[in-house]
Every structure is written in structure tokens, then in C-alpha cells.
Amino acid sequence: MRLRSRRLASSLLCVGLSVYLAGPAFAQADPQVGVWKLNVAKSKYNPGAAPKSATTVIEAVGKGTKVVVDQVTADGAKRHWEFTANYDGKDTPMTGNPDADTVARTLTNPTTVQTVSKKGGKVVNTQTSVVSSDGKTRTVTTKGTNASGQQVNNVAVYEKQ
């Protein structure tokens, strides 16, 4: 009985240690991390015109990421916004985005992140970001409402730089 208890305790310790060590390893292996450039030709924006360009830089930070977006809109205006959020589904402040002031992010599987953006506590859009199996393409599907109250259904295709 005593030997069995030691084996069980040893097994639980190994499992616990494996789970503990996997957290930082996942952060390093997060396929969302990298510099991503918008491929305007492969993207679809409804309603409205696609941005002229966009670059998203995603860095691993703790149990989530820091996301920095630089965009040139269809009319030539420059936009810059950023946030740092864990994959815990909790609202986190976002700065610089005129359409949203918080985001909540959830990792739905190893290659997919769901981001819910809010303005004044009201959900304005939900994004699903999926990295391809080869890690070279990130497709971001955005559904929600824009600042003009129009329904948005965008598919933005980004290529890893």
C-alpha cells in the first residue's frame, strides 16, 4: 500500500510539473505570435473598402499576447491601436482604437483565438483569428457592427513576415 501511494504521489507530481512547464512552452509556441502583413487582394470587407495596408505585431506576454496594429484606411488615415491581454476571456483595456475600448480573448484551440471587442461595455464585434497549419497565414473573420451601425462581415488574410 505504501509503495502504491508513493507511485501515485510521484505520478501526480510529474503530471503537475508537466502542466506547469507547458504554460511557458505554449507561449513560445503560440502560432499567433509574429509580424503579420495584410494581403489586401485576398481579403474581403463588407461593408466598405478594405484598408490600403495593415500590419499586426503579436508578442507572447505571460499567459497571453501584446497586440499592436498599424493600419492605413481606405481614405488614407493612419490608425494605431494596441492591447495586452491574457487568453482568459476577461475584458482588458485597448488604446487607440476608435471603435472599441476593451477586448476579451479566449484560446479556443492551439491555432485559434476569439477576441470580443467592446465600446462602453457593449459588444461591437467578435473576431476569430485562425493560423494555418503551415503557420504562414492568419485569417481574421470579424462580425459585428461598425461605428455607423452597419453590420460588418470581414475576412482579413494576413501573411507572416
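Two strands pair if DSSP finds at least two bridges between them, where strands are DSSP runs of E with at least two residues, numbered from the N terminus. The model is predicted, so that local features need pLDDT of at least 70 and side-chain atom pairs count only at pLDDT 80 or more, while totals for chains, interfaces and linings use all residues. Residues are numbered from 1 along each chain as its sequence is written, and side-chain values use heavy atoms, with hydrogens and water left out.

**Exercise 1.** Determine in what order the strands of the open sheet are arranged, and which strands lie at its edges.

Solution. Step one is the order: 10 strands form an open sheet that reads β4-β3-β2-β1-β10-β9-β8-β7-β6-β5, with antiparallel pairing. Step two is the edges, which are β4 and β5 (92-93), each of them pairing on one side only.

**Exercise 2.** Follow the bridges from β1 to β2, from β2 to β3 and from β3 to β4, and name residue partners.

Solution. Begin with β1 (residues 34-38), which pairs with β2 in the antiparallel sense over 4 bridges; here G34 has I58 as its bridge partner, and W36 has T56. Continue to β2 and β3, which run antiparallel and are joined by 9 bridges. I58 reappears at this step with V67 of β3 as its bridge partner, while A60 stands opposite T65 in β3. Finally, 9 bridges join β3 to β4, again running antiparallel, and V69 stands opposite W81 in β4.

**Exercise 3.** Find which glycines take a positive phi in the hairpins of β2 with β3 and of β3 with β4.

Solution. The hairpin of β2 and β3 has 2 residues between the strands, and in this hairpin G62 takes a positive phi near 55°. In the hairpin formed by β3 and β4, 5 residues lie between the strands, and G76 in the turn has a positive phi of about 95°.

**Exercise 4.** Describe the largest pocket by its volume, its lining and the elements that contribute to it.

Solution. First fix the term: on a 1 Å grid over the protein atoms alone, a pocket is an open set of points where a 1.4 Å probe fits, with protein on both sides within 12 Å along at least five of seven lines, and lining residues have an atom within 4 Å of a point. The largest pocket holds about 1,100 Å³ of space. It is lined by 43 residues, of which Q71, R79, W81, D99 and N154 are the closest to its centre. Among the elements that give two or more residues to this lining are β2 (53-61), β3 (64-72) and β10 (151-160), and the largest share, 6 residues, comes from β8. By class, the lining divides into 22 nonpolar, 15 polar (Gly counts here) and 6 charged residues (Asp, Glu, Lys and Arg).

**Exercise 5.** State how many salt bridges a search of the whole structure finds, and locate the one between E159 and K42.

Solution. A salt bridge is a side-chain nitrogen of Lys or Arg within 4 Å of a carboxyl oxygen of Asp or Glu, and the search of the whole structure finds 4. The side chains of E159 and K42 meet in a salt bridge at 3.7 Å, N to O. This pair links distant parts of the chain, with E159 in strand β10 and K42 in the loop between β1 and β2, 117 residues apart.

Technical notes. Grid points are joined across faces, edges and corners, and a volume is the space filled by probe spheres set on the points.
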